[in-house]
Amino acid sequence: MDNEKKHLSVPYIPQLDNLDTDEIIKTLDEKGARRTVDCLNWKDQFPYRPLTAVSIAHSGNYIYIDFVVRCNYLRAVNYANNSSVHQDSCVEFFVCPNGQLPYYNFEFNCIGTIHAACRTDRHNGTPLTDAQLDTIKRYPSCGTRPFEELEGMFSWNLLVAIPLSVMNLKYEGKPIRMKGNFYKCADFTTTPHFLSWAPIDTPEPDFHRPEFFADIVLE
C-alpha cells in the first residue's frame, strides 16, 4: 500500500491554550485539520467500521486532537494508567516525533484512560510515568467512570491535549516534520474492529508498524 497520498498539515493556533473545552472543540472544528479514520485494512476478519474522525491543531505547546466516534457498542472497563484500553472503545495516535524511531503510542478509551509508551516496536518500549501521563489533558464526553459494554447507538468524542515536551519536542516557529497514524479499535466489544487513517498492509491487525506511518507536519 502507498501512503504518499496521506499527508496531514497541522495548523498552528496558539490561542488554543487560552480557551475552554467547548471553545477548543469549536476552534478545531472550524480551523483545525480534519481527517477520517476509515481504512478497513482487515475487512474479511473485521468488517465493522464505526464512523470515526479527528480534528487536530497545535498551539506550540500542545497537540490538540478531538476524536469523534459513532458506534453501536460502547465499553470502558479499564480505568488505571497504562491498562489495556485497546480492549475498550478506544482511539489512538501513534507518532514518530522526528520522523524516525522511536515512536510514541498514545491510546485512550472513551472515558479518557490512557496507555502510552516510547517504543522501538510492539515488544520494546518504556511506558510513560504517571507524572508524564498527568500532563496529557483529556476531556471525555462519556465521563470518567468505568462501565461494562452497552448496546445502542452512541456518539461520543474525546478531546486530548498532548504536550510537545512529553515527546522531547520544542516548537520554535518552524515546521516539525513527523510521521504517524490514527486508529480506532475495540478488541473486546461485541463488534471488534481495527481502523486506521493511513493504510496498513499486514496479514493480521497490527498498529505497531511505523513503516506504514504517513507524513504529519506541525506548521
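The lining of the largest pocket divides evenly by class, with 6 nonpolar, 6 polar and 6 charged residues. This view comes from a predicted model, and the pocket makes a good place to start reading it. In total, 18 residues line the largest pocket. Those that lie nearest its centre are H86, E107, R122, D187 and H208. Three elements each give two or more residues to this lining, namely β5 (90–96), β6 (103–109) and β7 (114–121). The volume of the largest pocket is about 280 Å³. As a reminder of how such spaces are found, rolling a probe the size of a water molecule over the atoms shows where empty space is left.

Stepping back to the whole fold, the protein chain contains 13 strands and 2 helices. Its radius of gyration is 16 Å, close to the 17 Å that the globule rule gives for 219 residues, so the chain is as compact as a globular protein of that length. The C-alpha trace spans about 45 × 40 × 35 Å along its principal axes.

Contacts and surface complete the picture. Taking contacts between residues at least 6 apart in sequence, 67% join residues at least 24 apart. Burial was assessed for the chain as well: 53% of the 219 residues count as buried, that is, they have under 20% relative accessible area. The accessible surface of the protein chain comes to about 10200 Å², and carbon and sulfur atoms account for 47% of this surface.

Notes
Residues numbered from 1 in each chain as written. Predicted model: local features only at pLDDT ≥ 70, side-chain atom pairs only at ≥ 80, totals over all residues. Heavy atoms only, no water. 1 Å grid on protein atoms, 1.4 Å probe; cavity = no way out; pocket = protein on both sides within 12 Å on 5 of 7 lines; lining within 4 Å. Points joined across faces, edges and corners; volume = space filled by probe spheres on them. Helix = DSSP H or I, 4+ residues; strand = E, 2+ residues; numbered from the N terminus. Nonpolar A, V, L, I, M, F, W, Y, C, P; charged D, E, K, R; others polar. Rg over C-alpha atoms; globule rule 2.2 N^0.38 Å. Buried < 20%, exposed > 50% of the residue type's maximum accessible area, 1.4 Å probe, protein only. Contact = heavy atoms within 4.5 Å. Areas by Shrake-Rupley, 256 points an atom, 1.4 Å probe, with all protein chains shown as cover.
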